[in-house]
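Reader: I have a model open beside its sequence, and I would like to learn how to read its features one at a time. Could you take me through them slowly, giving the general idea before the particular case?

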Amino acid sequence: MTRPLRLSAVLAAGVVALAACSAPAPAPAAPGDPAGTVTVQNCGAPAQFPAPAQRIFVNDGNMISMVLALGAQDRVTAVSSMQRDAETLRRHYGAAVDGLAQAAPEYPTLETVLARDPDVMVAGWNYGYSEGKNLTPARLREQGIAPYVLTESCRQADGRSARGIVDPWTALRDDLHNLGTITGHTADADRVVADVDTRLDALGKAPKAPTPPTVFLFDSGTDTPFSSGRFGAPQAIIEAAGARNALSDVDDTWTTVSWERVATAQPAAFLFVDYPPQTFAEKVAVLSSRPDTRDLPAVKENRFLNLPYALWTSGPLNVDAAEQVRAALERWNLVPSSGLTPKSDDVPRS
């Protein structure tokens with residue numbers, strides 16, 4: 001995700017398992033693929049990559065988490081925009097994070113990418129790819145670099161900004177399997193997807209509220225709130241936790257809406273994305289000061305959950321977010337007690 005252009009910007013078995021995983025042989029080339037390449041479906045079209053890729057440039061914490069979950073950090077030549085997620089990634093993937101070469105603290109330029117001489121770049125529309133920066137899949141292909149596009153960010157039609165072509169859990173599974181194939185870690189991809197599915201199954205069996213509580217994902221904003229529709233990872237997270245996304249009818253991933261829309265939804269709780277430039281306290285202050293939101297029960301009763309960026313944007317940590325949202329909903333008595341315990345605790349303490 002990024003904020004809109006107006007704004008600046010599981011699941012591995014453990015660190016030991018990640019370190020111990022050796023890359024399996026690459027998947028065999030499909031009929032017609034040149035030797036040493038593999039074709040996967042990306043954004044609904046066939047895309048060819050080296051098999052396996054040797055020098056991957058990865059942008060953004062959620063896509064970095066995919067590579068780390070697969071144990072494929074040895075295939076990474078550089079990363080960018082990891083700084084805000086470094087602590088979260090270390091908590092989940094350990095010392096592997098500190099072995100990654102950081103090419104840029106925020107989103108890279110084309111020149112930054114080319115300087116690292118990658119054979120593959122992993123990024124997404126508004127997650128690094130941008131016509132404004134001349135950093136696009138087409139431009140990378142001209143430079144001999146194979147671009148992988150985060151499935152959650154796939155554009156619905158050429159020339160349009162609306163993103164999302166499949167439901168968010170399908171998007172995540174597709175990316176994990178595709179990146180497993182590209183890096184030669186197909187068995188690891190199977191393992192990570194199986195872990196996500198097992199935990200989702202447990203959440204799905206948890207007792208439900210007669211009417212799912214409506215929650216609003218507040219990424220950031222003062223004049224207009226930035227949030228997420230039915231194709232974004234928060235939709236999947238919220239549903240898995242037993243609640244309803246207030247923007248489940250919006251056919252997009254990350255987008256802005258009106259404050260009237262927030263007030264009309266009467267959310268029972270607010271979920272926050274923890275990252276700059278707006279702090280947790282500043283978001284609470286916005287909600288508490290506006291006449292159309294300050295009297296909402298969620299605001300008056302402080303039903304706020306703040307989780308890091310890498311848990312909300314499409315990646316293997318989405319299931320950790322779902323478990324923690326479920327626990328918060330139970331704590332607020334919005335859904336029945338389930339007896340489930342989140343695998344991790346990612347609420348920022350500072």
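**Reading the model feature by feature**

Author: Let us begin with a single residue in a loop: Asn302 lies in the loop between α11 (297–300) and β14. The model is a predicted one, and in it the phi of Asn302 is near 55°, a positive value in a residue other than glycine.

Reader: Which other residue other than glycine has a positive phi near 55°, and where is it found?

Author: Ser81 has a phi near 55°, and it is found in the loop between β4 (76–80) and α3 (86–93). Ser81 counts as buried, because its relative accessibility is 3%. A glycine can be read in the same way: Gly71, which follows helix α2, has a positive phi near 70°.

Reader: Since the model is predicted, how should I read the confidence of the chain, and where is the pLDDT below 50?

Author: The mean pLDDT of the chain is 91, and 89% of its residues reach 70 or more. Over residues 2–29, however, the pLDDT is below 50, although this stretch has 77 contacts in the model beyond near neighbours in sequence.

Reader: Next, the sheet: in what order do the 4 strands of the open sheet stand, and how are they paired?

Author: The order is β11-β9-β13-β14, and the pairing is parallel. The strands at the edges are β11 (244–245) and β14 (304–308), each of which has a single partner strand, so one side of each is left without a neighbour in the sheet.

Reader: How many bridges join β9 to β13, and how many join β9 to β11?

Author: Strand β9 (residues 214–218) is joined to strand β13 (residues 269–274) by 4 bridges, and the two run parallel. Along this pairing, Leu217 has Leu271 as its bridge partner in β13, while Phe218 stands opposite Phe272. Towards the other partner, 2 bridges join β9 to β11, again in parallel, and there Val215 stands opposite Asn245.

Reader: Which way do the side chains of β9 point, and are they buried or exposed?

Author: In a regular strand the side chains alternate between the two faces of the sheet. In this case Thr214, Phe216 and Phe218 point one way from β9, whereas Val215 and Leu217 point the other way, and all are buried. Because 5 of the 5 residues of β9 are buried, the strand is largely enclosed by the rest of the structure.

Reader: Which helix lies across β9, β13 and β14, and at about what angle does it run to β13?

Author: That is helix α10 (residues 280–289), which runs at about 145° to β13. The loop between β13 and α10 holds Pro277, and a cis peptide bond, with omega about 10°, joins Pro276 to Pro277. Another cis peptide bond joins Ala51 and Pro52, with omega about -10°, and Pro52 lies in the loop between β2 and β3 (56–59).

Reader: How many residues of helix α2 are buried?

Author: An α-helix has 3.6 residues a turn, so residues three or four places apart point the same way. In α2 (residues 61–69), 9 of the 9 residues are buried, among them Gly61, Asn62, Ser65 and Ala69.

Reader: How many residues does the largest nonpolar core have, and which of them have the most contacts inside it?

Author: The largest nonpolar core has 74 residues, and those with the most contacts inside it are Phe49, Val58, Trp312, Val325 and Leu329. Phe49 touches residues including Val38, Val40, Val120, Tyr148 and Ile182. A second, separate core of 17 residues includes Phe216, Val257, Phe272 and Val284.

Reader: Finally, which cysteines form a disulfide, and how far apart are their sulfur atoms?

Author: A disulfide is a covalent bond between the sulfur atoms of two cysteines. The structure holds 1 disulfide, formed by Cys43 and Cys154 with their sulfur atoms 1.9 Å apart. The pair links distant parts of the chain, 111 residues apart, with Cys43 in the loop between β1 (37–42) and β2 (45–50) and Cys154 in the loop between β8 (146–149) and α6 (168–183). The link is left-handed, with -80° about the S-S bond. Cys43 counts as partly exposed at 32% relative accessibility, whereas Cys154 counts as buried at 0%.

Methods: Residues are numbered from 1 along each chain as its sequence is written. This is a predicted model: local features need pLDDT of at least 70, side-chain atom pairs count only at pLDDT 80 or more; totals for chains, interfaces and linings use all residues. Side-chain values use heavy atoms; hydrogens and water are left out. Two strands pair if DSSP finds at least two bridges between them. Contact means heavy atoms within 4.5 Å. Axes are lines fitted to C-alpha atoms, for helices over the stretch in contact, and angles run from 0 to 180 degrees between N-to-C directions. Buried means under 20% relative accessible area, exposed over 50%, partly exposed in between (1.4 Å probe, protein chains only). pLDDT is the predictor's confidence in each residue, from 0 to 100. A nonpolar core is a set of buried Ala, Val, Leu, Ile, Met, Phe, Trp, Tyr and Cys residues joined through side-chain atoms within 4.5 Å. A disulfide is a pair of cysteine sulfur atoms within 2.5 Å.
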